[in-house]
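Please look over the sequence and the fold before reading on. The paragraphs below go from the whole chain to its sheets, then to two helices and a single residue.

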Amino acid sequence: MATTAATGALPPSFPSVKTKDHHSGIGFVKSLDFVRVSDLNRMKSRKTKISVMIRNSNTGQDIIDELQQSSSQGTPLLVPRQRYCESLNKTVRRKTRTVMVGNVALGSDHPIRVQTMNTTDTKDVSATVQQVMKIADEGADIVRITVQGKKEADACFEIKNSLVQKNYNIPLVADIHFAPSIALRVAECFDKIRVNPGNFADRRAQFEKLVYTEEDYQKELEHIEQVFTPLVEKCKKYGRALRIGTNHGSLSDRIMSYYGDSPRGMVESAFEFARICRKLDFHNFVFSMKASNPVVMVQAYRLLVSEMYLQGWDYPLHLGVTEAGEGEDGRMKSAIGIGTLLQDGLGDTIRVSLTEPPEEEIDPCRKLANLGMRASKLQSGVEPFEEKHRHYFDFQRRSGQLPVQKEGEEVDYRGALHRDGSVLMSVSLDQLKAPEKLYKSLAAKLVVGMPFKDLATVDSILLRQLPPIDDHDARLALKRLIDISMGVITPLAEQLAKPLPNAIVLLTLKQLSIGAHKLLPQGTRFVVSVRGDEPFEELQILKDIDPTMILHDIPHMEDKVSRVHAARRLFEFLTDNSLNFPVIHHIQFQNGINRDDLVIGAGANAGALLVDGLGDGLLLEAPDKDFDFLRDTSFNLLQGCRMRNTKTEYVSCPSCGRTLFDLQEISAEIREKTSHLPGVSIAIMGCIVNGPGEMADADFGYVGGAPGKIDLYVGKTVVKRGIAMEHATNALIELIKEHGRWVDPPTED
């Protein structure tokens, strides 16, 4: 075994870890801080074992990480904390070059562009033209069209000419998979070509572990260059743009064998193509790193940008969560992934991929673009602070200490929070007038009128006003909730004026500082509301108390204070001081907010923290919004962040010209029959392009295999082929039953 010591750099023998040049993979810089990144570059020789010692020259501390596994298994590395955005304490848009897509400019000097994708059969020129016109009329800046064969490529010339004749100059993007020759053809008429590095030159993934020597791997890279170079040269000739668009679900076997099915593999896959562009002095391209899992998607984009910073590259980003689904679920997943990156100033064009007509994607897409533009214009944030603990590139959840029962307590407080993520709801006095209706709204089970907690029951409630002491019915309703270990939180003034036995009292930081909590009986449980942007001196009082939880709350009208950055600052303080209090993200929306705005606002603000493992739950308030809607949105957000799973998870593609069945109709049918299976995930894919790969996160898959025929998968493995569509949904249910994952739908009480 070879052992190498280095100061600020890794040895040349460590493949793809070199200094800043166009051949390098992961970059490396001197830094005071090191962070473990679990999915970084795999060793490129299965025959070599290397022990790498990195010496931090600033501190003299030796950091040693033994690399004892073969390349295909992979192993964590210790690398410096890398920059992935312009600022850690405020939203500053990342500076990029301008890339021209037809007459539309992409980059940091321009608005965040909105785009979507046609769902028509590309060979149907009339239908495709009509849909493009409708999309343009809805305000999209760019539209993408699938081009899978020669007939579709020929149709593209007619589509372009027809649109020009109708005075529609919206840039058109060709979506290419598996077909370099088709890309060359359509580059003569469309404004931009999207290539998928996972399948442009590599064969379709078979999910096989491949063994490569350095020589073998280099030959593969030479093959990619041979196949890709003609397209780059043609784009230069015609003034076209390229999107190097990696999908988590369609990485090649070669990449997965080296880097795993990981963000690291996604970035390296794209960089192989980008290096060819740069070698040919072609720079009119953008990157994308899409995944159906928002956590993976965020990590991949961050890793991509950190690598670009180290290389000195400034290419724009196309953001998207692929196969997000439909309705509020799809909007929420997109808001979590896209919104998180926009809050850090990343993103130059976005698409919200929904299993809906493409024009329905434009409004949520525009809302997210406006959110990003506004945050960067205001440079929303907090005063500078040192961030040492947040994990940018791998998910590590900070789990707050759940309530522990204390000696002498009359009731069980342990259910006030849930280990996988908590949902709190604000309840009014009016709701207490109809206790059974309230219990149902809280998603509690009822047995002879008595509430019991269920899988998706609200964990705690906030009661801003307590009922009068003589309102025995309302107080009995609250007692029954407390008896099932539901926390009942009420403000200090209310508790002092109208004491409710065993209530949890809400205090502000100011009330704590003047000792107001000492007015309460000894042993009273309490919650503290904190902004996160207070001077650290004011936060010091948290070190002297033991709250059941903290509510992080920034008033919605404070535009210049970023909720995300204030919360990150709060978590730094808590971690620095070894304070493991649970933190609930409390968002109070203004009256009259649109439902989509609420979903997107919650996803982009609370979701941006939860995807980094920061936070233990949610309290969403909107006085004029339906109670059930707020509760469902909260649970959807937790599930979208891969925390608390309370219903069936769907990975559903947005449809395109490749789709072999009516995705919206079939998706609705499958959801209707399977939505009651928490812990089960089902992928509904219109074709095979991303099917098996995106189903890495799914237990079962329903994939279009041929017109009118469906293939069923368990994980990445096809188990039944060519099922007639009219029987496919029932066959899927039978497959779920065969694997012991089916339960009958619940019956109404």
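A contact here means that heavy atoms lie within 4.5 Å. The model is a predicted one. With that cut-off, residues 24 or more positions apart account for 71% of the contacts in the chain with a separation of 6 or more. The chain holds 21 helices and 30 strands, and buried residues make up 62% of its 749 residues.

Start with the sheets. Strands of a sheet pair through backbone hydrogen bonds, in either a parallel or an antiparallel sense. One sheet is a closed barrel of eight strands with parallel pairing, in the order β16-β19-β20-β21-β22-β23-β24-β25. Its neighbouring strands are turned by 25 degrees against each other on average, with direction ignored. Within the barrel, β16 (residues 422-427) pairs with β19 (residues 460-463) in the parallel sense over four bridges. Met425 can be found opposite Ile461 of β19.

Another sheet of eight strands, also with parallel pairing, is open and has the order β13-β12-β11-β10-β9-β8-β15-β14. At its edges stand β13 (285-290) and β14 (318-319); each has a single partner strand, so one side of each is left without a neighbour in the sheet. Further in, β11 and β12 run parallel and are joined by four bridges. There Val195 stands opposite Ile244 in β12.

Strands β11 and β12 come up again with helix α4, as both are part of what covers its buried residues. The cover also includes α3 (180-186), α5 (253-259) and α6 (263-279). The buried residues of α4 are Tyr217, Ile224, Phe228, Thr229, Leu231, Val232, Lys234 and Cys235. In general, an α-helix has 3.6 residues a turn, so residues three or four places apart point the same way. Helix α4 spans residues 214-238, 25 residues in total, and reaches 36 Å from its first C-alpha to its last, close to the 36 Å expected at 1.5 Å a residue. The helix does have a kink of about 35 degrees at Phe228, shortly before the proline Pro230. After α4 comes Gly239, with a positive phi near 70 degrees.

Helix α9 (residues 362-378) has 17 residues and reaches 24 Å between its first and last C-alpha, close to the 24 Å expected at 1.5 Å a residue. Its buried residues include Ile362, Pro364, Cys365, Lys367, Leu368 and Ala369, along with Gly372, Ala375 and Ser376. Among the elements that cover them are strands β8 (113-117) and β15 (349-350), both of which belong to the open sheet. Helices α1 (125-137), α8 (327-343) and α17 (595-610) are also part of this cover. Just after α9, Gln379 takes a positive phi of about 50 degrees.

The last stop is Asp711, in strand β29 (residues 709-714). Is Asp711 buried or exposed? Buried means under 20% relative accessible area, and Asp711, at 10% relative accessibility, therefore counts as buried. Leaving out residues up to four places away in sequence, Asp711 touches Gly701, Tyr702, Val703, Gly705, Val718, Lys720, Arg721 and Gly722. With Gly722 there is a polar approach: the side chain of Asp711 reaches the backbone nitrogen of that glycine at 2.9 Å. Met725 lies 14 residues from Asp711 in sequence, and the two are 9.5 Å apart in space, C-alpha to C-alpha.

Note on methods: Residues are numbered from 1 along each chain as its sequence is written. This is a predicted model: local features need pLDDT of at least 70, side-chain atom pairs count only at pLDDT 80 or more; totals for chains, interfaces and linings use all residues. Side-chain values use heavy atoms; hydrogens and water are left out. Helices (H or I, at least four residues) and strands (E, at least two) are DSSP runs, numbered from the N terminus. The expected span of a helix is 1.5 Å times one less than its number of residues. The bend at a residue is the angle between axes fitted to the seven residues ending there and the seven starting there. Buried means under 20% relative accessible area, exposed over 50%, partly exposed in between (1.4 Å probe, protein chains only). A polar contact is a pair of N or O atoms within 3.5 Å; within protein, one must be able to donate a hydrogen and the other to accept it, and residues adjacent in sequence count only if both atoms are side-chain atoms. Two strands pair if DSSP finds at least two bridges between them. Axes are lines fitted to C-alpha atoms, for helices over the stretch in contact, and angles run from 0 to 180 degrees between N-to-C directions.
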